[in-house]
Every structure is written in structure tokens, then in C-alpha cells.
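Here are a few exercises to work through with the structure open beside you. Try each task first, then read the solution.

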Amino acid sequence: MVNMIRGGRSYVSSPPAFSNDAKRLLVCTANTVSIFSTSTALQTSSLEGHTAPVTTVIVVPASSPASNILCYCWTASLDGTIRYWDFSVPELLKTINIKIPIYSMVIPYLLGNEKQPYLFAYVSLKVTREIDSKKHNSGQICKCNLTESRLVGGMTLAETKVPEPITISSSGKYLGITKHQRLSIWKVPDTETERITLKKITLHHTKRMTVHAFHPIQRIVAAGDSTGRILIWRGFGDKTFTSDEGLVSGKIPSNDEEKPGVRDNDDADSCTTWHWHSSEVNVLFFSSDGAYLYSGGKEGVLVVWQLDTGKKKFLPRIGSPLLCYTVSPDTSLSSISCADNQIHLLKMPSLEILKSISGIKFSCSLPEEYESFGSGVAFDHSSALVALRTDNYCVQFYSLFDDLGISEVQVCERNHQPGDDVTVVVTLVALSQDGSIMSTVEVKLAEEGIGGLICLKFWASESQNKKFTLSTIIYEPHRDARISAVAFHPTRRVAVSSSYGGDFKVWVCNDELEQKDVMLQSSGWTCHAVGSYKKKAITAAAFSADGSILAVAAETVITLWDPDKNVLLAVIGETLTPIVTLSFVGKSEFLVAASWGSKPQLSVWTMSKLSVSWSYMLHVEAIACAADLSSFVALALLPELSKCQESIGTNFQGKDGVILLFNATDPVPVATWSARKAKGGALAFLQVNPSSIEDNISDGKLPQALLAYMNGDHEYVLFDPYCEEIHELNVIPQKDLVVPEERRQFGYASIYGELPEFELKRNQTLWVPSVPSEKPWETIFSGSSHNLPPLTKLCSAFLESLLEKRTAAVE
Amino acid sequence: MAEDLQLQSHVGKSFPIKPKLKPKARTLLQTPESKYWSSFKPHQIPNLVSSIQSLDFSPNPPHLFAAAHSASLTLFSSKTFTQHSVINSFKDVVTCSSFRSDGSLLAASDVSGLVQVFDVKTRTPLRRLRSHARPVRFVKYPFLDKLHLMSGGDDGVVKYWDVAGESVLSNLLGHKDYVRCGDCSPVNAEMFVTGSYDHTVKLWDVRVENSRSVMEVNHGKPIEDVMFLPSGGLLATAGGNSVKIWDLIGGGKMVYSMENHNKTVTSICTGRVGKEGGDEAMQYRILSVALDGYMKVFDYGKMKVTHSMRFPAPLMSVAFSPDCMTRVVGSSNGIIFAGRKKKKENDEPVVRNFWSLGRVEEHRKPTLRPSYYRYFQRGQSEKPKEWDYVVARPKKVKLGEHDKLLKKFRHKEAFVSVLNGKNPENVVAVMEELVCRRKLLKCVSNLDNEELGLLLGFMQKYSTAPRYSGLLMGLMKKVLETRAEDIKSSDALKGHIRNLKRSVEEEIRIQQSLQEIQGIISPLLRIAGRGI
């Protein structure tokens, strides 16, 4: 039996966390926490155990540099548990079940204060109450005793309409939440007991505040609001918090006039406002020395503010709205999470992107008229890749087996501005059977009727690495009519594009045409034939398995053509509503068509009788046919009637679709599975490559084919549809990508490569023992000068290391 | 490493505005062969008197060539195309000339019926061969034969001469009309062909006693030129507007008839393509010139015309130098259209001192010391070797002024700046980008009168160009709608509108006449299609 392979999860739903040595990044991925190596940006292991999405991960900081290697973390999840892990192994150490979904958690004195017997956490919970027999959700900030594994009763700090994320200052002294136009700040007492009351102040603003951050050293809090302004309160809580600290601030309580910018007699010295962002601020973070403030928002630009002067520096064109910003204990490394499911690792002072943890890109936001366009997903059946259109006019290639973004192809060379209206859309992506040719369709929407453009592009890749290069651009292939489908010939370099304008064109690659002719050196695609049927809009097209027949759907009629001679062979009967998808069932004589609209239909046609074989009244989102077998799967959306669900009697919680496996000869489905978020989903049969999945086979029997189902959020699952046991859908952990952990090189080694071994050994005795430092550059040459190896020795090694470096680069 | 680069490349990358691509011709504009033929740098030798009857290259370097025009024969240098010397001792129009195989003697015939042999160096007539009663039309030295000559003329007799004795060895009779041309076999000194206005080409062998032709082929048209192809087994004849290739060994069968010329083909010669010692071995081509002013290059291996060149005058003669560096075409109005290939430096024969081979060491450059200025510049201009791993500097994206302004979202400034530029493609590209940003109409409404004039001027110039009309016509309507008030109030703008109106009317006229033509053609096409 083949296990199910899941993947395509969101990496950016919650803020990630760095391990203490900054070599690993802990990312909340749905029900698990995935651990990525920061040097390779590949997943090394995962923490599994939560049964609902994980919302918070907190790494226990190291108290001294020596304990850097300690790998403990706390996680909180919507399943109402808080867990304590050793993530180096990885092993679950402790589970605290508080039975209420946790949206956010902070732990003030995580280092373990000797004075305190208990470790407390503050959690933001989603509390469900029944008022008037209606379920009423609200948020609550509570205190939780982690040592004794229980919620501290009666300690509700605040109630909110929705669960709000809690932030904490890096020293752990202050907690804060934003409640609409108010920012509430609590001071955590130095010695915590269960019943101690926390002092609270509230700062007011006139706009909804979205995010806030505490200064690491001074008493400064910054908040961003929905209009893009950044407010900075200095000396907040002078009155309230300092009184019992024993520290005399030396300031005479000032009058209102001397508090510039502070509203409503709030407890702060001053409030300054910065405005650069044009829409709401999502990211705010102070640098660890407190000199800079990082902010980001929908524009996809990371802004670095010099706190004293307000001067700005930018990291522009990240290409996607920023969601959160995390610094590592190393301070030279940080990460930003973007809304397109990418986590970029930044080298700190220079803001240079070192690596990107590339998750599957989410489905595009499309203007409404284009929403009927299908999911823009194409599968490469042989190498188990999926090509997805993305917001920034790219096509992302994502490996389904490795759960890893492989490459991106820039379809339209245009600067993407995340906040703007969508005016350029990649509407279609199609891949040939062997995955070597890609075709994309992009649409530029017109401004009041001028400047619209439709572009069909053909791409070719030489090798398996999916580096596609542009082969041909065709402007306005069907005049100004939109393209409904692009289909590739199964064996030859021939493609067909169909348009709503009433015609379809057969495109042929030049090397297909005249391979011997030396005159044609550039390979490009040219139009071979144009066909139309009664000037009806062509809504779908498909080649048969051997490529001899081209099926074209002219609205409700299916027509069969000879693609070479461009001759109409036959017309098969009509459906009720326009056909959206056409597909030949493997090598059999059957043809499947799905139509949408008021009377949706899934119909199977026989080619021998040219008539309908059987049909269902179903809204089918996607169809996939196995290459050799006479079976196909259809993803059907369930009708939105709750009664219907009840009458079915099965548990369809949150599931809005069914995957039906049919044998084309038989209208009774062979197998069914229910699916979540089926709207916008996609299906595909993948060829089984023994080497890629052998780790997942327990009894050594290869499945005939794997079925891939990708839902509207681009989460996917791979399984063997012909396997009986699969119905229980047991999730067995996927084989982790074990990546040899690279040792990061610092200083001398990072510049010149490592010194040869013998040199090190010889000189070890000579060196004065020095304090272990992060930077060998300093340690190698520390010590008195007479202890250093002679220059002649160093020189040869130095040169040798240069040579070695060069050969490594060549590889 | 490369993969990482690719993954990151989408972040922080900015794209300049690019105009739409232009469609590329499906066939290459220049095949390698036509590239070869157009690589001859053109040079005209004007002002020769009357038409150039014949052109012939000396077989010896430096390959002088003789041009027969009027009553003189001019020798030109094939390197510089300057006049080398003129032979003027003719009483009448010179018809043909031929260099001897060693290039030291030159035979020339004229209309008076005289054949003269000159020393090329001194230009003195050494022998006068007088026997033809009518104008002599061709004279030729046989292959590698220094003692004999062939000639033919309007009297229909072909004569085989002993040059030294100024005597006719044999009179070859058989042609019923003017003999206009002939060629000697490139493999045999005794075989030759002649072509005549009686439509036939006769193959002669002087060893045959009875002075009868060995073989005869009928071209079907009066023959203007005939030649052996380098193998000696094939024959090419030019007559009428066709060039025909005949297989002599196969008994005079026609191999192919090339009918690409529109008027009479006047002269043919062999040319060669390809580099000596290159991947492509030297291949022979037939160069033919005709009165239609075209020179065609015919590949008789593939039976295909591989290149054709047009000259502004009817062409009379063609020749191709034996070193493949020069081709000359003579026209009927006294202009020689010459062409010479540029010589590559490495083609120069390297004169190498045999004895220096062993002493290369001595010529080594002096070692650079820090006291030299060059010491500090050493290696800076070093070119990477084939095996070196080149760390490429990241390419800098070139941003135009409009790109920079667009990056700052200063849309109107960008629009105006690109309108001030020269490139209409960029203007349209910026317009398209503004459409994508939904800012074009706003920009238009923000333009002041002067800038609006700029836009209208652009529109007038380009809105009828098919590449841009799709966008510009729609935009023009919007501009006229939104800015009607401003246009009415300004005379300069009104002028622009008048011009625009005129060009639109012109375009409409063109479209109408095109439609008329289409109306005429489409029934014809329909009928043609039915015929198939």
C-alpha cells in the first residue's frame, strides 16, 4: 500500500521561529511544525502531533552561548493543546490540554527565572458561548500555568470580539494587543504568581490599528494602522508602570501640552507619526539594538526606518504582501514571510535575500469575469510536477513528491505591484504530455475599451530541469477573443487553441514541419490550420490518446476533427449547457465532457456509436483520465443544500466536493472520496516513477498510477486510487527530505574556503587557547604574533585553498 | 547554485518597459549562402564606353580581369578595381577575350573578324589571326594548352588555331547560324563546345578527322552562352530566359532547366561558395546574368536558385575570380558591378621563418617588474580561456528615462518623456503599461496644451500604422472626447487635428482600394481552389 502524500501547505499562516543557533527555522505548516535548514532552505524534519493548525511556535532561548545547541520549543494550536518539544530529535516532551482553541501564545520569562517556581504563558483563546441558543465567538486573553499544565482561573486580561494576536517585548516585560482603535499594554511583574494583577494602560488612535511592536530596550511602542501610518509612542506608561519599579524617572509628571501627539491623556511622553505605506501596515519590528524599525505592508516593500531621524531605506519588489518578520538570535539573519507562501531569509544589515523557502503559491486573485477560467493548474504527469500561475505573472513549478518549489518562469515581464488592481492575468497554463513544452495565455485587460491584449506564448525546455525559455509569442491569436483552452498533441509538437470568438487554431512547431531544411534554423510555432463550427464559441478541445482525432466542443456540440488535414469528421450530439472540459478516456473509445451552468452535466460519449453513453447531473470541477486505463476521475462539487447533505447521511463537515472514480463503461463509480475546498480544485493521474516513491511503499507493490488532488487552496494529496485500503485516509508521515546539515562557514573560511587539515593540526598546539567565538576569522589569528604559523606556511595553504575553491565552483 | 539564482531572481528584479516583438520571418532573411554572396563588398566601375561584352579573369594571381567594351579591352586590378592597362589596338568592337592558362598572354576577338594575341605585360599584339570572314564572337584558349586557340564567329565556322604559326589547323563546320559562344573542356585540351543561334550546342573533338561534331544538343532557343561545369561531364547552356544543364557523359541528356530569369540570359560562369578547408567544402554554383538585371546563383547539386541579386541595368557578362574573392558583372550601359570579399587577416599566408621555430624563447616578452607601469595593469584585459570558469557580472538592466519615472509612479512625466523621444515602439509600450496601471486616460486628461500637441503629432504620424492602430485609434477617440474644449481653443492643436483627419482619410482610401483588389482576387482564388 502506498501511503498518502500530503503537501502544499501554507508556510505563512503563523510567524515562524528561528532555533537558537539560527541554523533552523521552525515554520507552522497546518497541523505540523516543519523545520527547515536556513543554509539550504530545505525541510529537514517536522514535529507532528497536533490535530489542528498550529498557531504559535516559541523556541526556548538559550541562557548562555554554550546552551545554543538546546532545541526546545513550545507550540500552541487550534486543537486546544500546548506542547513542548525537543525538536532536534524530534520528540514530544509534554502536552498541556486546555481544550480551547489557542490563537496566539506568549511566554514572558521563558529563560526560567530561578525565583519563580512556575512558568506562565499568556494565551489568546477563542471562546464559544451560547447566548440565546446561538453560538457566539469571542476572544479572550488568559494566563496559563505551563508548569502545572492548567489555565489560571479567573485571570482574564481582556475580552475581544475576535481572538487577537498577543505581542511581547523582547525583554518579556510588556504584553500588548490591539483592539480596533486601542492598544492595550500590560506590564508583566518581575516575580509572577498566579493571582498577581497586571498593570495595564491603553493608548488610543483614530484608526484601526493592525500591528504593534515593542522597542527592545527603551519604553517605546510602535503601531501600524489600516491607513498605512506608523505611530510611535515614547515613554509609554511612565505614570502607571514606573511607580512601583523603585526607579525614579526624574521626570516631573508632565502636562498635556507637553505630550505632543498623544491623545486622550494617554500615558505616554510623545507620539510621532510616520507615513509611507499606502495601505495597512502588516509588519512592524524593531531591530535588536533598537536603532531601526522595520515595517512592511501590502506593497511588498520592506522599509527600514532609522528610529531617531525617521530616515528610510527600502528593500523593494519582494513581489507580494508581507505578513511577518522574524529575527534570529544571530541577528545577521532574519526572515520575512510573504503572502505568496514564500519565506525569504535575509542577510541582515544588507537586506540581501540569501535563500527562499518556497511553498506552493496560492491561487491568484482574479477579476470576477475571469473566475470562470478554471484553476490555471497544469500537471506534468511524468515528473510529478504541477505548474501554477501566480500573482506576479509567473508560473511556479512545484514538485509534488518533494513538496518543494522547483522553479519559476516569468511569463510576462512586468513589474508586479501587489496592491494594484489586477489588470494582467495569466489565464491558462498547459503542459505537453512529456512536460517539455509549456503554453501560457495572458490577458491584459483594457482600460475603458482600449489597450486590451491577449497573448499566447509557447515555451520549451531542453532538459528535465524545467527551465523554460520562450519560443514563440503570438499576439492576439484569435483576434480579441479570449482563449478557452489549449491542448497539446500527445506525441507530436502540435497544439490546439480554442477561443470564444468561434474558431480554433492548430499550431505546429517548425521543427515538426521541416526538420531537414537548413533554411529554418529558428524553431517557432506557426498556425497550421484554422477551424470553426457554425461560428459557435469553442469552449474546450482535446486530442485523443494517439493524437489522430481532435475533439472540439462548440458550446454544446462536440465535433471531431482530423488535426492534420483539418477536416470535420463527425458531430456528436448536444449537451444542455456549454461544455467546459473535454477529455478522452485513456485509449478507450470514450470521451468525457463536463458542462457548467444552470444544468450542469457530466456526460460520457462513445466514439463508436457517436452518442451519449451515460451522464450525471453534476457540477464537475475537474476531470482527469488515466493514460492507459479506461477509467477516469471527476471532482464534483456538492450542491449547496444542507438538506442534501443530511439526506446523504455521511459526515460532510466542511467538505464540499466528492472525487468519483469511474470506469467509463459503467455509470456506477468504482470509488468515491470526499474532499474539502473542492472549488477551484484540480485532479491528475501521475505516472509512477519507482525511484521517487519507493520510500513510501510498504509492501513493495507498485501502484498503477497515483492520483493527485489539489484543492482550491493548493493543498494537495497523492494516493493510489485503486488501492482498497486507501479509504481510511490514514496520514502517514511523509518521508522527510534529509539534507546533510551544512556547517556554515564564517570569516576566513567563508571567504577563502577551509584551510587544509594538516595545517590546523600542526598549529593547534601553538595557538593560545581563546574564547570560542562565532567567527573563526578572529580566533584563527588571535594570540600573540610569535605564535602564528610562519607566513610561508600560511601562504601555500592559502593558495591551495584558493585552488580548491575554484574547482568546487566549477562543479 | 544556478537553481538558487533562478529562485531568487524574481525577487527584487525589475523589468523595463519593452515594446511588443516584431514578427520574425519564418525563413531566415539570409541563408548562409546568400550571406556569402552578399558579403562581396559592392564597387562600381562606371563610365566605360558602351556595353561590357565580355569579362575574363587571369588565372594567375593577382587575377587581373579584362573587360571588353567598345573598341578597347581594359585590364583591371581585381583587388582595387583600378584600371591596370588599356589595349586599344582594335579596329572595331571587341567581343571576347581569353587569358592563356599561365596568364601571360591574352587573346581577344573583335567584330572586324580579327583575333589578336597580346602580351599582358607589354600590351603589344604578338599575333594577328585573320581568317574569319565575319565578326568573331568567341575566342578561347584550350585547357592547359599554350599553343592553340579556339574561335567562332558569325560566319558559322569554328576554327582551331595554331597561335605561333598564325594558321588555322582545322575549320569545324556544322553550325547553321552565328556561333556566339563556346567553352573548352576543363579536363581535356582537345574537347570543346560551341553554342550558336541555330539553337544547338556542338561538342567538338579536334582529334576527330572529319571535322564533324561529336555530339549535339538542342537548347531550343538561340544560345547566348555555354560552359563546361568543372567536372567536365556536365554542360550548362544559356539561351532565351533559361539555363539548361546537360549530361554529356550520359549522351547529351538534359538534367535540369532553370527558368528563373525573365529575360534573355546573356552570360553564365561558375562560382564557388564555402571556405577553403572549412567544414563546408567548396561547392560550385552557376552564376547567370540576364537582361532583366538579375544575377542568380544556381546550385546545380540541389537544382535550386540559392541567391539572386538585382542590378539597375541589363547585364551582359559575368565572371568570378579563381581565388573566389571577386565577382564582376558587366552591364549594357558600360558599368561594371564588381564585388570583392573582405579578406580576413588570418587568411593571409603566414610567412614563417623556418629557422625561428627553435628560437621562440628569445622573443619572449621581458618580465614585468613593479617599476613598470604596465606591471600594474597586467592581466586586466585578459580574455577567459575556453576552460575557464567565468563568473559573469550580473547584467545591468538598462532603464530609460520613462522607466525610471514609471518606477516612481510619475505617470504623466513618463508619458511626456517618451513622447519627446524618437522611438514610437517605446511610446506604445509605455501606453500599454499605463493601460495596465489604469492611468492612461488620467494622463491624457492631465496633459497641458503643448504636451497634448506632442501627443496629437504622434497620433497623426502613427495611428494608421497597422502595428499601433489597434491601441491608437481607440485612444484617439478618447482624446478627442475628453480634450475637445482644449483643442477648439488652440490653433496649433486644430492644425494637428486637420493633419490627423487627412491621414485618416488617406488610410480610408487605401483600405477601399485594397478591398476593391480583394474583391477582384477572391473570385479568382475561389475558382483556382475549385480547380484543385
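**Exercise 1. Check the length of a helix.**
Take helix α8 (residues 449-462) of chain B and work out what span its 14 residues should have at 1.5 Å a residue.

*Solution.* Start with the expected value: at 1.5 Å a residue, the 14 residues of α8(B) should span 20 Å. Next, look at the ends of the helix: the end C-alpha atoms are 20 Å apart, so the two values agree. Keep in mind that this is a predicted model, so you're checking a prediction here.

Now ask which residues of α8(B) are buried. The list runs Glu451(B), Leu452(B), Gly453(B), Leu455(B), Leu456(B), Gly457(B), Phe458(B), Met459(B) and Tyr462(B). When you look for a pattern in such a list, it helps to know that an α-helix has 3.6 residues a turn, so residues three or four places apart point the same way.

**Exercise 2. Describe a helix from end to end.**
Do the length check again for helix α6 (residues 424-436) of chain B, then say what caps its N-terminal end and what follows the helix.

*Solution.* Length comes first. The 13 residues of α6(B) should span 18 Å at 1.5 Å a residue, and the end C-alpha atoms are indeed 18 Å apart.

Then burial: 13 of the 13 residues are buried, so α6(B) is largely enclosed by the rest of the structure.

Now the ends. The N-terminal cap is Asn423(B), with a side-chain oxygen 3.0 Å from the backbone nitrogen of Glu425(B). After the helix you meet Arg438(B), which has a positive phi, near 60°.

**Exercise 3. Follow a salt bridge between helices.**
Find the salt-bridge partner of Glu425(B) and decide how exposed each of the two residues is.

*Solution.* The partner is Arg467(B), at 2.9 Å from N to O. This pair links distant parts of the chain: Arg467(B) sits in helix α9 (residues 466-482) of chain B and Glu425(B) in helix α6 of chain B, 42 residues apart.

For exposure, use the cut-offs: under 20% relative accessible area is buried, over 50% is exposed, and anything in between is partly exposed. Glu425(B) has 17%, so it is buried. Arg467(B) has 36%, so it counts as partly exposed.

**Exercise 4. Try two more pairs.**
Sort the residues of the pairs Asp486(B)–Arg483(B) and Arg150(A)–Glu148(A) by the cut-offs used above.

*Solution.* In chain B, the closest N and O atoms of Asp486(B) and Arg483(B) are 2.8 Å apart. Asp486(B) comes out partly exposed at 26%, while Arg483(B) is buried at 5%.

In chain A, Arg150(A) and Glu148(A) have their closest N and O atoms 2.7 Å apart. Arg150(A) is partly exposed at 32%, and so is Glu148(A) at 36%.

For a salt-bridge network, go to Asp340(A), Lys361(A) and Glu408(A), which are linked in one. Over all chains, the count comes to 29 salt bridges.

**Exercise 5. Look at a nonpolar patch.**
Which residues make the nonpolar surface patch of about 760 Å², and is Ile520(B) buried or exposed?

*Solution.* The patch is made by Ile510(B), Leu514(B), Ile517(B), Ile520(B), Ile521(B), Leu524(B), Leu525(B) and Ile527(B). Pick out Ile520(B), found in helix α11 (residues 491-531) of chain B. Its relative accessibility is 56%, so Ile520(B) counts as exposed.

**Exercise 6. Compare an annotation with the model.**
Where in chain B does the unreviewed UniProt entry place "repeat: WD"?

*Solution.* The UniProt annotation covers residues 129-171 and 172-214. Over residues 129-171 of chain B, the model has 0% helix and 53% strand, with end C-alpha atoms 14 Å apart. Over residues 172-214 of chain B, the values are 0% helix and 44% strand, and the end C-alpha atoms are 11 Å apart.

Note on methods
Residues numbered from 1 in each chain as written. Chains lettered and ligands numbered in written order. Predicted model: local features only at pLDDT ≥ 70, side-chain atom pairs only at ≥ 80, totals over all residues. Heavy atoms only, no water. Helix = DSSP H or I, 4+ residues; strand = E, 2+ residues; numbered from the N terminus. Expected span 1.5 Å × (residues − 1). Buried < 20%, exposed > 50% of the residue type's maximum accessible area, 1.4 Å probe, protein only. Polar contact = N/O pair within 3.5 Å; in protein donor to acceptor, adjacent residues only side chain to side chain. UniProt positions renumbered as here; feature names shortened; annotations may be inferred. Patch = residues over 30% accessible without salt bridge, like charges linked within 9 Å, V, L, I, M, F, W, Y side chains within 5 Å. Areas by Shrake-Rupley, 256 points an atom, 1.4 Å probe, with all protein chains shown as cover. Salt bridge = Lys/Arg side-chain N within 4 Å of Asp/Glu carboxyl O.
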